[in-house]
Amino acid sequence: MTQSKIHKSNSDLFPIPLKAVILDLDGTLLDTAEDLALAANAMLRELNMTELPSATIQSFIGKGVPKLVKRTLTNDPDGEPDPALFEQALPLYERCYAENLHVHTRPYPKVIEGLDQLKQSGYHLICITNKTEVFTLPLLRKTGLAGYFELVLSGDSLPKRKPDPLPLLHACQQFNISPEEALLIGDSSNDAIAARAAGCYSFCVPYGYNEGHDVHKIDCDAVVDSIVDANNLITYQGH
Ligand SMILES: O=C(O)COP(=O)(O)O
Ligand SMILES: [Mg+2]
């Protein structure tokens, strides 16, 4: 059935009855790393700074665009650049990424198939990303994913982003469901921490970014190979 690694010792947990499935974007639905790195290096070139390897920039993905720019400028996940440099760099990055939004970016294998299955089952489908809204919406449209989602919340849609639980709680409220009726499928600890704090279930996929760390160390309910595998561990609970 599935090769998913189930983290909960209580396998009676599965299949989990749910009303909504929340999906992370970068590293879960879409492989965006190459285009994010292209933009980051284009920004560095414009600033006459040394370019970084794509793999390094990939490890900086996860906490939104401003954080990616800070990490790229300092080549340090915790780095804080000079404020004047950051102010100059952020709009440069935003322009470069807008120009490179959809060069290499594609849905991961089994994403479309998985979304089709979830949609057919009747789940509310929600996308919650830390990506800036001005990039999220065109990217969902260009990759053919926009039509699956009843609600899309980006990193700048609300006062707080993942790992804060606010976007998840906001989504549950919008659909009048309780958090334990929702599952978040993500690729990083930002997703799992937000889900735990909100009281939602959380699964992780192993093919994403997780800021360069091992996804198997994340505290989540299961690590699933794909969205299709996630669908095999849940059951639709009706509205
Ligand atoms: O923009 C990011 O840094 C990460 O976005 P995500 O929440 O969709 O993974
Ligand atoms: Mg992600």
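How do the residues of the lining of the largest cavity divide into nonpolar, polar and charged? Here are some notes to help you find your way.

1. The lining divides into 5 nonpolar, 7 polar and 7 charged residues. Nonpolar here covers Ala, Val, Leu, Ile, Met, Phe, Trp, Tyr, Cys and Pro, charged covers Asp, Glu, Lys and Arg, and the others, Gly among them, are polar.

2. Please keep in mind that this is a predicted model, where local features need pLDDT of at least 70, side-chain atom pairs count only at pLDDT 80 or more, and totals for chains, interfaces and linings use all residues. Residues are numbered from 1 along each chain as its sequence is written, and side-chain values use heavy atoms, without hydrogens and water.

3. The largest cavity (a set of points on a 1 Å grid over the protein atoms alone where a 1.4 Å probe fits but cannot get out) has a volume of about 200 Å³, the space filled by probe spheres set on points joined across faces, edges and corners. Its lining (residues with an atom within 4 Å of a point) has 19 residues, with Asp26, Ile61, Gly62, Lys63 and Asn130 nearest the centre.

4. The domain assignment, automatic or from a database, gives domain 1 (5-31 + 106-236) and domain 2 (33-99). Their contact (heavy atoms within 4.5 Å) takes 14 residues from domain 1 and 14 from domain 2. Each of these domains also gives at least three residues to the lining of the largest cavity.

5. Now for α4 (residues 83-99): its buried residues (under 20% relative accessible area, 1.4 Å probe, protein chains only) are Phe86, Ala89, Leu90, Leu92, Tyr93, Cys96 and Tyr97. Their cover includes α1 (33-46), α3 and α6 (133-142), helices being DSSP runs of H or I with at least four residues, numbered from the N terminus.

Technical notes. Chains lettered and ligands numbered in written order. 1 Å grid on protein atoms, 1.4 Å probe; cavity = no way out; pocket = protein on both sides within 12 Å on 5 of 7 lines; lining within 4 Å. Buried < 20%, exposed > 50% of the residue type's maximum accessible area, 1.4 Å probe, protein only. Helix = DSSP H or I, 4+ residues; strand = E, 2+ residues; numbered from the N terminus.
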